[in-house]
Amino acid sequence: MESKLQVEGTEASVPEGPVVRDICESEYPSGPASLGVINSLHVKPPNEDNLGASNSDSLSFSNFTGSKDDSGTCQCSVILPDTTFPVERVERLEYTANILSGKFKTELSKVKEYVHLISVYEEKLINLTVRVEIMEKDTISYTELDFELIKIEVKEMQKLIIRLKESFVGSSEIVNQLEVEIRNLTLVVEKLETLDKNNVLAIRREIVALKSRLKECEASKENVPATVPPPAPGSCSHGGVVNISRPAIVQLNWRGFSYKYGAWGRDYSPENPEKGLYWVAPLNTDGKLLEYYRLYNTLEDLLLYTNAREYRIAYGQGGGTAVYKNNMYVNWYNTGNIAKVNLTTNKVAVTQTLPDAAYNNRFSYANVNWQDIDLAVDENGLWVIYATEASTGNMVISKLNETSLVVLNTWHTKQYKPSVSNAFMVCGVLYATRTVNTKTEEIFYYYDTHTGKEGTLDITMHKMQEKVQSINYHPFDQKLFVYNDGYLLNYDVFFK
């Protein structure tokens, strides 16, 4: 005989036994419909096997209200726990976990990107810091463009820091530290700009103001005889060089402070005089080997270090380089030869020995080594300035055929070459300089190849640094291009 146990939502069969019978009889003595309390009952769940539970396990229920019906069946109401496996809840849990995993991967990729950007800008910050430290220590001055370029780089980093702070998740200690360093760098640059140790910016502004006042003064004059106009570009209808302007500082050479020796200028071609490209040829740090040079189509490209074409030759020697009609002319390394290099192909077109020329520091310029052979360009073409053993070190001038490099004519001077700091040619006249002090050169000597006449001059030439490594003249621009301890300067030339 079995006792039926009525539970809420479930009917469970309980085998008849002493426990159930004893309980029902003892708790309900008054008859079938009497109510009583079941003090203890053990029931197996209906789906226990599906859950993999042990046969020995059972659910315990206590203190349930029950009754005994007419047929002697013991009945009571209990709440049986729901043991069904929660599949839907597990699915929802998996779905939520997948969403969280995707979000985590996205945020992790952002963090990796920020870490990379921070490392890149840390490197930029280090480079800028080094440049600013050099600017603080050096006694040279910088153009307004130098300061503007550094300001632009600093502003770019400031913008990145703002973006990082807005989107960075987690510890922002590194970002905050970078922000402080960039702010400090900005203050240092502004301070350097205001100091401007050599007052170059102030001088330039004064020059502009003075030019404006001069124009006003000229406009106010009446009945003043017309002055002699300057000669046309590329023309020799003048009486020779009478003065030069103060230097305009273009910039530091593209290889840096350590490359103090070299040359620079602008290509001159009589057929297209206004279209010449700019060239910069710093020597290696040994002050001897010309290995790399750069070409720029415009002065703006040179100023901004953009659109440069860089070439390697590895056989040039000294700073006596010149460029004429899209060809570069150099002294071949460790020889008395001259090489002609096509700037379009960077290939050697011609090499030619310069007869009897001394080389390898035998008769170089004062304060400048390895410039025994100095090439020059003027309105008349290609020249070379050198010395020989037969001339006992005095300067020799030769006119060259620019195609074959054969010597066309030669002139001997009485000026000792090692006592000269540098030289250049204008309209067939040699002009030589000498050092007066660390800030001044003097154009003190000339030799006219047309007349054979030589003499002295007294034209002051200001400079930024102590040594002048090379001077190149451009006939159309009527300017001198000077390489001054790594800095690129130019001067306007005035004629009689």
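**Note on threonine 413 and a surface patch**

1. The side chain of threonine 413 reaches the backbone oxygen of methionine 395 at 2.8 Å. A second reach, at 3.3 Å, goes to the backbone nitrogen of glutamine 415. Polar contacts here are N or O pairs within 3.5 Å; within protein, one atom must be able to donate a hydrogen and the other to accept it, and residues adjacent in sequence count only if both atoms are side-chain atoms.

2. This is a predicted model: local features need pLDDT of at least 70, side-chain atom pairs count only at pLDDT 80 or more, and totals for chains, interfaces and linings use all residues. Residues are numbered from 1 along each chain as its sequence is written, and side-chain values use heavy atoms, with hydrogens and water left out.

3. Threonine 413 sits in strand 20, residues 407–416 (strands are DSSP E runs of at least two residues; helices are H or I runs of at least four, numbered from the N terminus). Threonine 413 counts as buried because its relative accessibility is 6% (buried is under 20%, exposed over 50%, partly exposed in between; 1.4 Å probe, protein chains only). Leaving out residues up to four places away in sequence, threonine 413 touches Asn394, Met395, Ile397, Leu430, Tyr445, Tyr447 and Glu454 (contact: heavy atoms within 4.5 Å).

4. Valine 87 belongs to helix 2, residues 87–137. At 43% relative accessibility, valine 87 is partly exposed.

5. For the whole protein chain, the secondary structure is 6 helices and 27 strands. Of its 496 residues, 45% are buried. Among contacts with a separation of 6 or more, 54% join residues 24 or more positions apart.
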